[in-house]
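Open the model in your viewer and keep the selection tool at hand. The tour runs from the whole fold to the ligand, then to two backbone details.

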Amino acid sequence: MIEWIVVDDEAEVGRTGAGILLDTIGDNPRAVLGLPTGKTPLPMYASVVERCRVENHCFRDVVTFNLDEYVGLSPSHPSSYHSYMRAVLFDHVDVDPSNVHIPDGTGLRVRQVRPDVTLDEALELECELYEEALHNRGPLEVTFLGLGRNGHIGFNEPGTPFVSRTHVISLTESTRVANSAYFSPGETPERAITVGIATILESRSIVLMAAGEGKQEAVQRLREVTISEDFPASALHRHPEVRCVVDRAAFGR
Ligand code: F6R
């Protein structure tokens, strides 16, 4: 069941997301959160950080799992999602680094213990380990999502099976173009590790955020309630507790 929450603008989308996040960890200081990156959640993280400056919110026992990371980027690469998360959230709250999980897109973590495996084998093993960590520390209590113009959630591109677990995915051309602003010409990664759709659907509750006219078509398609693997976000109709927080520009008429 999707509940639509339509607000004025992207700042309000962010404040609403931040309110849900902080209420979640207020109710359960050991909450396990699924976290997105990209442009849409920036106001949410800014609002969380801002409120943490003036209110007392404790991240110490909060556990986080990011949805995705690019293949080939080291955690210190400025365009990696590791760097993004440090810059927008983790460097500003009292989160325990051992509670933070982001897929390793280099395969190095695996190769340190299994130097015999190829890069692709290491990435496969990384996905299995990530899924295992999710299983051991989960379940995810709330997973926050952005929405790709082609309906991707996480980096689950159109055609990804709804039964998918954490896996390596080839990014579509449209996703690479959308994310090329963060990279030098010709350097946008071709692949990513993403949490799968089945994994996302196991989250107790889900908050999808979308803002701006550029997301209107995707939001419209989601509102049509046709469930198809061609439009990954439509899997959310199979979940009992989804809130879609969108601004008027994205919601349209
Ligand atoms: C990123 C992610 C993606 C983005 C989506 C929208 O972690 O999971 O699904 O949420 O590509 O990106 P923005 O917000 O940049 O439009």
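Show the C-alpha trace. The radius of gyration of the protein is 17 Å, which agrees with the value near 18 Å for a compact globule of 253 residues. That radius is taken over C-alpha atoms, and the globule rule is 2.2 Å times the number of residues to the power 0.38. Along the principal axes the trace spans about 55 × 40 × 35 Å.

This is a predicted model: local features need pLDDT of at least 70, side-chain atom pairs count only at pLDDT 80 or more, and totals for chains, interfaces and linings use all residues. Numbering starts from 1 along each chain as its sequence is written, and side-chain values use heavy atoms, with hydrogens and water left out.

Switch to cartoon. Nine helices and 10 strands appear. Both are DSSP runs numbered from the N terminus: helices are H or I with at least four residues, strands are E with at least two.

Select the ligand and the residues with a heavy atom within 4 Å of it. The ligand has 13 residues around it, the closest being Thr40, Asp68, His152, Gly154 and Lys215.

Now display polar contacts, pairs of N or O atoms within 3.5 Å. What lies 2.5 Å from an oxygen atom of the ligand? A polar side-chain atom of Thr40 does. Gly154 places a backbone N or O atom 2.6 Å from a ligand oxygen. Lys215 has a side-chain N or O atom 2.6 Å from an oxygen of the ligand. On its own the ligand has 410 Å² of accessible area, and the protein covers 90% of that (Shrake-Rupley method, 1.4 Å probe).

Next, two backbone stops. Most residues other than glycine have a negative phi, and most peptide bonds are trans.

- Select Gly138 and Pro139: the peptide bond between them is cis, with omega near 5°. Pro139 sits in the loop between helix 5 (119-137) and strand 6 (142-145).
- Select Val225: its phi is positive, near 60°. Val225 is in the loop from helix 8 (216-223) to strand 10 (242-247).

Note on methods. A polar contact is a pair of N or O atoms within 3.5 Å; within protein, one must be able to donate a hydrogen and the other to accept it, and residues adjacent in sequence count only if both atoms are side-chain atoms.
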